[in-house]
Amino acid sequence: MEHLHPKRAYEILQESPNTLMIDCRTEAEFFYVGHPVEAINIQWNTEPDFEINPHFADAVLRMAGRKDRSIVLICRSGKRSVDAGVELEKHGFTGIANVLEGFEGELDAEHHRGTLGGWRKHGLPWRQV
């Protein structure tokens, strides 16, 4: 699995429009916190108990169409997306990349996100529904 700075991930998405971006946060995070414009939401953990989604790899395959399609994974801070990427690799997916810092970045000294890094902090395109 490759690990990409958010700006590099965005460049790859622009250079290779067939690359699929999957936001593996919960639906609530995806819709209410916001998400990268190109992202498709497939939850790694499901609400309300935050259990690992046993159908994650199957859902990704349905969206990707094949296991060798380039996939960029993003989550809140870049941790869940690593776990999701490892799971995809176990299922035979290749070309998996993780966005370092995620969408919101790490917690700052006041326990806030979005001030130290992340997709949004770097000014990359995102939307909130």
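Which residues are buried in helix α3 (residues 56-64)? The close-ups below start there, and the model they show is a predicted one.

**View 1. Helix α3 and its buried residues.** In α3, which spans residues 56-64, the buried residues are F56, A57, A59, V60 and A64. Looking down the axis of α3, you'll find them within an arc of 160°, so they line one face of the helix. That fits a simple rule: an α-helix has 3.6 residues a turn, so residues three or four places apart point the same way. The cover over the buried residues of α3 includes β2, β7 and α4. Right after α3 comes G65, with a positive phi near 85°.

**View 2. The largest nonpolar core, with 17 residues.** The residues with the most contacts inside this core are I22, F56, V60, I71, L73, L88 and F93. Two or more residues apiece come from β2, α3, β7 and α4, and α3 gives the largest share, five residues. Zoom in on I22 and, leaving out neighbours within four places in sequence, you'll see contacts with I40, I42, V60, I71, V72, L73 and I74. Apart from this core lies another one, of 14 residues, with M21, F30, A97 and V99 among them.

**View 3. T19, in the loop between α1 (6-15) and β2 (20-23).** Is this loop residue, T19, buried or exposed? T19 has a relative accessible area of 11%, which is under the 20% cut-off, so T19 counts as buried. Setting aside residues up to four places away in sequence, T19 touches I12, L13, S70, I71 and V72. One of these, I71, also turns up among the residues with the most contacts inside the 17-residue core.

**View 4. G78, in the loop between β7 (71-74) and α4 (80-90).** G78 is buried too, its relative accessible area being 12%. What does G78 touch, once residues up to four places away in sequence are left out? The list is N98, V99, E101 and G102. V99 is also one of the residues in the 14-residue core. For a sense of scale, pick Q128: G78 and Q128 are 50 residues apart in sequence and 19 Å apart in space, C-alpha to C-alpha.

**View 5. A nonpolar patch on the surface.** F31, Y32 and V129 make this patch, which comes to about 350 Å². F31 sits in helix α2, residues 27-33. With 33% relative accessibility, F31 counts as partly exposed.

Key
Residues are numbered from 1 along each chain as its sequence is written. This is a predicted model: local features need pLDDT of at least 70, side-chain atom pairs count only at pLDDT 80 or more; totals for chains, interfaces and linings use all residues. Side-chain values use heavy atoms; hydrogens and water are left out. Helices (H or I, at least four residues) and strands (E, at least two) are DSSP runs, numbered from the N terminus. Buried means under 20% relative accessible area, exposed over 50%, partly exposed in between (1.4 Å probe, protein chains only). Contact means heavy atoms within 4.5 Å. Patches are made of residues with over 30% relative accessible area and no salt bridge: like charges are joined within 9 Å, nonpolar side chains (Val, Leu, Ile, Met, Phe, Trp, Tyr) within 5 Å. Accessible areas come from the Shrake-Rupley method with a 1.4 Å probe; for residues, only the protein chains shown count as cover. A salt bridge is a side-chain nitrogen of Lys or Arg within 4 Å of a carboxyl oxygen of Asp or Glu. The arc is that of the directions from the helix axis to the C-beta atoms. A nonpolar core is a set of buried Ala, Val, Leu, Ile, Met, Phe, Trp, Tyr and Cys residues joined through side-chain atoms within 4.5 Å.
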